[in-house]
Amino acid sequence: MKVVNSVAEMRAVRRGLTGAVGFVPTMGYLHEGHLALVRRARSENETVVVSIFVNPTQFGAGEDFEAYPRDPERDLTLLDREKVGVAFTPPAEEMYPAHFGTWVDVQQITERLEGASRPHHFRGVATVVAKLFNIVEPTRVYFGQKDAQQLIVIKRMVSDLNMNLEIVAVPTVREPDGLAMSSRNTYLSPRERQAALVLWQALGLASQLWSEGERDAHKIRQKIAALIGSEPLAQIDYISVADAESLEELAEISRLALVSLAVRIGKTRLIDNIVLPSSEAL
Ligand code: AMP
(Lines give C-alpha, C1' and ligand atoms only; values in the text may rest on other atoms or scores of the structure.)
Protein backbone atom coordinates (compact mmCIF):
# COMPACT_ATOMS: atom_id res chain seq x y z
CA MET A 1 0.00 0.00 0.00
CA LYS A 2 1.29 3.45 -0.91
CA VAL A 3 0.88 6.15 1.72
CA VAL A 4 0.61 9.57 0.09
CA ASN A 5 0.62 12.92 1.92
CA SER A 6 0.64 15.52 -0.83
CA VAL A 7 -1.84 16.45 -3.56
CA ALA A 8 0.95 16.42 -6.17
CA GLU A 9 1.99 12.88 -5.28
CA MET A 10 -1.62 11.67 -5.17
CA ARG A 11 -2.09 13.00 -8.72
CA ALA A 12 1.13 11.33 -9.87
CA VAL A 13 0.05 7.98 -8.38
CA ARG A 14 -3.44 8.38 -9.91
CA ARG A 15 -1.93 8.88 -13.39
CA GLY A 16 -0.29 5.48 -13.06
CA LEU A 17 -3.54 3.64 -12.22
CA THR A 18 -5.47 1.77 -14.89
CA GLY A 19 -9.00 0.42 -14.49
CA ALA A 20 -11.72 1.47 -12.07
CA VAL A 21 -10.73 3.33 -8.91
CA GLY A 22 -12.95 2.95 -5.83
CA PHE A 23 -12.61 5.73 -3.27
CA VAL A 24 -13.55 5.75 0.44
CA PRO A 25 -13.26 9.15 2.17
CA THR A 26 -12.89 8.87 5.96
CA MET A 27 -11.79 10.82 9.02
CA GLY A 28 -9.84 7.80 10.29
CA TYR A 29 -10.00 5.94 13.61
CA LEU A 30 -11.30 3.13 11.47
CA HIS A 31 -13.85 0.53 12.53
CA GLU A 32 -15.84 -2.24 10.84
CA GLY A 33 -18.22 0.35 9.31
CA HIS A 34 -15.36 1.94 7.38
CA LEU A 35 -13.99 -1.49 6.49
CA ALA A 36 -17.36 -2.53 5.01
CA LEU A 37 -17.02 0.42 2.60
CA VAL A 38 -13.44 -0.60 1.78
CA ARG A 39 -14.44 -4.23 1.13
CA ARG A 40 -17.31 -3.20 -1.11
CA ALA A 41 -14.93 -0.90 -3.01
CA ARG A 42 -12.41 -3.75 -3.33
CA SER A 43 -15.03 -6.04 -4.82
CA GLU A 44 -16.08 -3.52 -7.48
CA ASN A 45 -12.84 -1.81 -8.57
CA GLU A 46 -9.28 -2.56 -9.65
CA THR A 47 -7.76 -0.20 -7.09
CA VAL A 48 -9.03 1.23 -3.79
CA VAL A 49 -7.99 4.64 -2.51
CA VAL A 50 -8.87 5.57 1.10
CA SER A 51 -8.41 9.08 2.44
CA ILE A 52 -7.88 9.80 6.12
CA PHE A 53 -8.44 13.46 6.86
CA VAL A 54 -10.08 15.00 9.93
CA ASN A 55 -11.59 17.93 8.07
CA PRO A 56 -11.45 21.07 10.24
CA THR A 57 -14.02 23.01 8.18
CA GLN A 58 -16.90 20.64 8.97
CA PHE A 59 -16.55 21.11 12.74
CA GLY A 60 -18.25 24.07 14.39
CA ALA A 61 -16.80 26.21 17.18
CA GLY A 62 -16.98 24.22 20.41
CA GLU A 63 -17.31 20.88 18.60
CA ASP A 64 -14.83 18.02 18.97
CA PHE A 65 -12.26 18.76 16.22
CA GLU A 66 -9.27 18.71 18.59
CA ALA A 67 -10.61 15.80 20.65
CA TYR A 68 -11.63 13.71 17.61
CA PRO A 69 -9.93 10.31 18.05
CA ARG A 70 -6.91 9.66 15.86
CA ASP A 71 -4.71 6.57 15.42
CA PRO A 72 -3.03 6.81 12.01
CA GLU A 73 -0.66 3.87 12.51
CA ARG A 74 -3.43 1.46 13.39
CA ASP A 75 -5.55 2.81 10.50
CA LEU A 76 -2.76 2.18 7.99
CA THR A 77 -2.23 -1.38 9.29
CA LEU A 78 -5.95 -2.12 8.88
CA LEU A 79 -6.06 -0.66 5.36
CA ASP A 80 -2.95 -2.56 4.30
CA ARG A 81 -4.61 -5.78 5.50
CA GLU A 82 -7.65 -4.98 3.33
CA LYS A 83 -5.41 -4.70 0.26
CA VAL A 84 -6.02 -1.01 -0.20
CA GLY A 85 -3.79 0.38 -2.98
CA VAL A 86 -3.35 3.96 -1.78
CA ALA A 87 -3.91 5.72 1.56
CA PHE A 88 -4.16 9.49 1.08
CA THR A 89 -3.37 11.25 4.37
CA PRO A 90 -2.84 14.95 3.67
CA PRO A 91 -2.00 17.42 6.44
CA ALA A 92 -4.49 20.31 6.87
CA GLU A 93 -2.17 22.85 5.15
CA GLU A 94 -2.17 20.68 2.04
CA MET A 95 -5.99 20.78 1.77
CA TYR A 96 -6.43 24.35 3.03
CA PRO A 97 -3.44 26.49 2.06
CA ALA A 98 -3.35 30.10 3.29
CA HIS A 99 -5.07 31.55 0.20
CA PHE A 100 -8.02 29.11 0.33
CA GLY A 101 -11.37 30.83 -0.35
CA THR A 102 -13.83 28.70 -2.36
CA TRP A 103 -16.77 26.81 -0.86
CA VAL A 104 -19.35 24.34 -2.14
CA ASP A 105 -22.70 25.26 -0.63
CA VAL A 106 -25.50 22.76 -1.28
CA GLN A 107 -28.84 24.51 -0.63
CA GLN A 108 -32.10 23.47 1.07
CA ILE A 109 -31.45 19.85 2.10
CA THR A 110 -28.53 21.11 4.18
CA GLU A 111 -30.78 23.39 6.24
CA ARG A 112 -32.57 20.58 8.07
CA LEU A 113 -31.53 17.94 10.63
CA GLU A 114 -27.72 17.93 10.99
CA GLY A 115 -27.54 21.23 9.10
CA ALA A 116 -29.95 22.91 11.52
CA SER A 117 -27.96 21.68 14.54
CA ARG A 118 -24.52 22.21 12.99
CA PRO A 119 -24.37 25.40 10.88
CA HIS A 120 -21.70 25.25 8.09
CA HIS A 121 -21.17 21.52 8.71
CA PHE A 122 -22.30 20.50 5.22
CA ARG A 123 -20.45 23.39 3.56
CA GLY A 124 -17.28 21.89 5.05
CA VAL A 125 -18.25 18.35 4.05
CA ALA A 126 -19.24 19.22 0.46
CA THR A 127 -16.12 21.35 -0.04
CA VAL A 128 -13.65 18.75 1.19
CA VAL A 129 -15.41 15.94 -0.67
CA ALA A 130 -15.40 17.97 -3.93
CA LYS A 131 -11.68 18.64 -3.45
CA LEU A 132 -10.98 14.97 -2.76
CA PHE A 133 -12.95 13.96 -5.88
CA ASN A 134 -10.86 16.38 -7.98
CA ILE A 135 -7.61 15.05 -6.53
CA VAL A 136 -8.39 11.30 -6.59
CA GLU A 137 -10.58 11.23 -9.75
CA PRO A 138 -12.42 8.09 -8.63
CA THR A 139 -14.74 5.92 -10.71
CA ARG A 140 -16.95 5.06 -7.72
CA VAL A 141 -17.14 6.56 -4.24
CA TYR A 142 -18.47 4.72 -1.17
CA PHE A 143 -20.48 6.37 1.62
CA GLY A 144 -22.25 4.90 4.65
CA GLN A 145 -26.02 5.03 5.13
CA LYS A 146 -25.12 5.81 8.77
CA ASP A 147 -24.69 9.45 7.68
CA ALA A 148 -27.89 9.48 5.63
CA GLN A 149 -28.15 13.23 5.14
CA GLN A 150 -24.48 13.45 4.12
CA LEU A 151 -25.17 10.83 1.46
CA ILE A 152 -28.11 12.85 0.12
CA VAL A 153 -26.08 16.08 0.13
CA ILE A 154 -23.18 14.45 -1.75
CA LYS A 155 -25.53 12.90 -4.32
CA ARG A 156 -27.09 16.33 -4.89
CA MET A 157 -23.66 17.94 -5.32
CA VAL A 158 -22.50 15.26 -7.77
CA SER A 159 -25.66 15.69 -9.82
CA ASP A 160 -25.75 19.52 -9.68
CA LEU A 161 -22.06 19.92 -10.59
CA ASN A 162 -22.04 17.12 -13.21
CA MET A 163 -19.28 15.20 -11.47
CA ASN A 164 -18.30 12.17 -13.47
CA LEU A 165 -18.45 9.43 -10.84
CA GLU A 166 -20.86 7.01 -9.20
CA ILE A 167 -21.93 7.23 -5.56
CA VAL A 168 -22.47 3.87 -3.82
CA ALA A 169 -24.41 3.70 -0.51
CA VAL A 170 -23.38 1.01 2.00
CA PRO A 171 -25.72 -0.16 4.83
CA THR A 172 -24.92 0.79 8.44
CA VAL A 173 -22.67 -1.66 10.30
CA ARG A 174 -23.74 -2.21 13.91
CA GLU A 175 -22.34 -3.69 17.09
CA PRO A 176 -23.97 -7.04 18.03
CA ASP A 177 -26.43 -5.18 20.33
CA GLY A 178 -27.48 -2.76 17.56
CA LEU A 179 -25.42 0.36 18.33
CA ALA A 180 -24.25 1.88 15.05
CA MET A 181 -20.47 1.80 14.84
CA SER A 182 -18.91 5.24 15.10
CA SER A 183 -15.47 6.63 15.88
CA ARG A 184 -17.25 8.77 18.50
CA ASN A 185 -18.45 5.69 20.45
CA THR A 186 -14.99 5.71 22.01
CA TYR A 187 -16.06 8.79 24.03
CA LEU A 188 -18.72 6.77 25.90
CA SER A 189 -18.21 5.55 29.48
CA PRO A 190 -19.53 2.00 30.19
CA ARG A 191 -22.75 3.46 31.65
CA GLU A 192 -23.16 5.78 28.63
CA ARG A 193 -22.43 2.92 26.22
CA GLN A 194 -25.40 1.11 27.77
CA ALA A 195 -27.58 4.24 27.55
CA ALA A 196 -26.61 4.72 23.87
CA LEU A 197 -28.64 1.64 23.02
CA VAL A 198 -31.73 3.81 23.32
CA LEU A 199 -31.13 5.08 19.76
CA TRP A 200 -31.43 1.59 18.29
CA GLN A 201 -34.40 0.83 20.55
CA ALA A 202 -36.10 4.00 19.31
CA LEU A 203 -35.54 3.06 15.67
CA GLY A 204 -36.82 -0.43 16.46
CA LEU A 205 -39.96 1.09 17.96
CA ALA A 206 -40.52 3.19 14.83
CA SER A 207 -40.17 0.09 12.68
CA GLN A 208 -42.52 -1.90 14.92
CA LEU A 209 -45.17 0.85 14.89
CA TRP A 210 -44.93 1.06 11.11
CA SER A 211 -45.33 -2.76 10.86
CA GLU A 212 -48.44 -2.53 13.05
CA GLY A 213 -49.93 -0.09 10.55
CA GLU A 214 -49.14 3.27 12.15
CA ARG A 215 -48.71 5.89 9.42
CA ASP A 216 -49.10 9.06 11.50
CA ALA A 217 -45.54 10.46 11.58
CA HIS A 218 -46.34 12.74 14.51
CA LYS A 219 -47.43 9.79 16.68
CA ILE A 220 -44.26 7.92 15.79
CA ARG A 221 -42.11 10.96 16.72
CA GLN A 222 -44.00 11.29 20.02
CA LYS A 223 -43.57 7.65 20.99
CA ILE A 224 -39.87 7.70 20.09
CA ALA A 225 -39.43 10.87 22.16
CA ALA A 226 -41.10 9.22 25.15
CA LEU A 227 -38.84 6.18 24.87
CA ILE A 228 -35.65 8.26 24.60
CA GLY A 229 -36.93 10.52 27.38
CA SER A 230 -37.06 7.51 29.71
CA GLU A 231 -33.25 7.19 29.51
CA PRO A 232 -31.83 9.66 32.06
CA LEU A 233 -28.47 10.09 30.27
CA ALA A 234 -30.07 10.85 26.89
CA GLN A 235 -30.94 14.31 25.62
CA ILE A 236 -32.77 14.61 22.31
CA ASP A 237 -31.31 16.95 19.69
CA TYR A 238 -33.82 16.00 16.98
CA ILE A 239 -36.21 13.22 16.00
CA SER A 240 -37.22 13.27 12.37
CA VAL A 241 -39.59 11.27 10.17
CA ALA A 242 -38.95 12.77 6.75
CA ASP A 243 -39.26 12.08 3.06
CA ALA A 244 -36.20 9.92 2.29
CA GLU A 245 -35.22 12.09 -0.69
CA SER A 246 -36.23 15.68 0.07
CA LEU A 247 -35.86 15.36 3.86
CA GLU A 248 -39.11 17.29 4.31
CA GLU A 249 -40.87 16.30 7.52
CA LEU A 250 -43.86 14.05 6.84
CA ALA A 251 -47.32 14.24 8.39
CA GLU A 252 -48.26 10.84 7.03
CA ILE A 253 -45.94 8.04 5.92
CA SER A 254 -47.13 7.35 2.41
CA ARG A 255 -43.72 6.92 0.74
CA LEU A 256 -40.16 5.95 1.74
CA ALA A 257 -39.42 7.66 5.04
CA LEU A 258 -36.09 8.34 6.73
CA VAL A 259 -36.40 8.08 10.51
CA SER A 260 -33.34 9.84 11.90
CA LEU A 261 -32.18 10.76 15.37
CA ALA A 262 -29.52 12.89 16.97
CA VAL A 263 -29.20 12.28 20.70
CA ARG A 264 -26.66 13.43 23.23
CA ILE A 265 -25.52 10.73 25.63
CA GLY A 266 -23.68 12.75 28.26
CA LYS A 267 -21.41 14.99 26.18
CA THR A 268 -21.34 12.69 23.14
CA ARG A 269 -23.66 13.45 20.23
CA LEU A 270 -24.74 10.29 18.38
CA ILE A 271 -26.78 9.96 15.18
CA ASP A 272 -28.55 6.97 13.67
CA ASN A 273 -31.32 6.28 11.16
CA ILE A 274 -33.40 3.70 9.35
CA VAL A 275 -35.51 3.87 6.23
CA LEU A 276 -39.16 2.74 6.48
CA PRO A 277 -40.20 0.26 5.25
CA SER A 278 -37.04 -1.13 6.83
CA SER A 279 -34.86 -3.87 5.38
CA GLU A 280 -32.73 -3.95 8.52
CA ALA A 281 -33.14 -6.79 11.03
CA LEU A 282 -34.46 -5.05 14.13
P1 AMP B 1 -16.24 9.17 9.04
O2 AMP B 1 -14.85 8.66 9.20
O3 AMP B 1 -17.05 9.13 10.28
O4 AMP B 1 -16.28 10.50 8.32
O5 AMP B 1 -16.96 8.14 8.06
C6 AMP B 1 -16.42 7.83 6.80
C7 AMP B 1 -17.43 7.03 6.02
O8 AMP B 1 -17.74 5.83 6.73
C9 AMP B 1 -18.76 7.79 5.81
O10 AMP B 1 -19.24 7.51 4.50
C11 AMP B 1 -19.64 7.17 6.86
O12 AMP B 1 -21.01 7.22 6.54
C13 AMP B 1 -19.15 5.73 6.87
N14 AMP B 1 -19.50 5.07 8.12
C15 AMP B 1 -19.24 5.51 9.38
N16 AMP B 1 -19.78 4.66 10.29
C17 AMP B 1 -20.39 3.67 9.58
C18 AMP B 1 -21.13 2.49 9.94
N19 AMP B 1 -21.36 2.17 11.21
N20 AMP B 1 -21.61 1.73 8.95
C21 AMP B 1 -21.40 2.05 7.64
N22 AMP B 1 -20.71 3.14 7.24
C23 AMP B 1 -20.21 3.94 8.20
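Two exercises on a predicted model follow, each with a worked solution.

**Exercise 1. The nonpolar cores**

Find which residues touch the most other members of the largest nonpolar core, and trace where this core comes from.

*Solution.*

1. Start with the membership. The largest nonpolar core holds 44 residues. Phe133, Ile154, Met157 and Ile167 touch the most other members.
2. Assign the core to elements. At least two residues come from each of helices H1 (7-15), H6 (121-136) and H7 (148-160). The same holds for strands S2 (21-26), S4 (86-88), S5 (140-144) and S8 (257-265).
3. Rank the suppliers. H6 gives the most, with ten residues.
4. Check the domains. Domain 1 (2-170) and domain 2 (183-273) each provide at least three residues of this core.
5. Look for another core. A second, separate one has 28 residues, including Leu179, Leu188, Leu209 and Val263.
6. Zoom in on Ile167. Leaving out residues up to four places away in sequence, Ile167 touches Phe133, Val141, Phe143, Leu151, Ile154, Lys155 and Val158.

**Exercise 2. The ligand site**

Determine which backbone atoms lie by nitrogen or oxygen atoms of the ligand, and how much of the ligand the protein buries.

*Solution.*

1. List the shell. The ligand is surrounded by 17 residues. Met27, His34, Asp147, Val173 and Met181 are the closest.
2. Take the ligand oxygen. A backbone N or O atom of Met27 is 2.9 Å from an oxygen atom of the ligand.
3. Take ligand nitrogen. A backbone N or O atom of Val173 sits 2.8 Å from a nitrogen atom of the ligand. For Met181, a backbone N or O atom lies 2.9 Å from a ligand nitrogen atom.
4. Work out the burial. Alone, the ligand exposes 490 Å². The protein buries 92% of that.
5. Map the shell to elements. S2, helix H2 (32-44) and S5 give two or more residues each. H2 has the largest share, three residues.

Methods
Residues numbered from 1 in each chain as written. Predicted model: local features only at pLDDT ≥ 70, side-chain atom pairs only at ≥ 80, totals over all residues. Heavy atoms only, no water. Core = buried A, V, L, I, M, F, W, Y, C linked by side-chain atoms within 4.5 Å. Buried < 20%, exposed > 50% of the residue type's maximum accessible area, 1.4 Å probe, protein only. Helix = DSSP H or I, 4+ residues; strand = E, 2+ residues; numbered from the N terminus. Domains from an automatic or database assignment. Contact = heavy atoms within 4.5 Å. Near = heavy atom within 4 Å. Polar contact = N/O pair within 3.5 Å; in protein donor to acceptor, adjacent residues only side chain to side chain. Areas by Shrake-Rupley, 256 points an atom, 1.4 Å probe, with all protein chains shown as cover.
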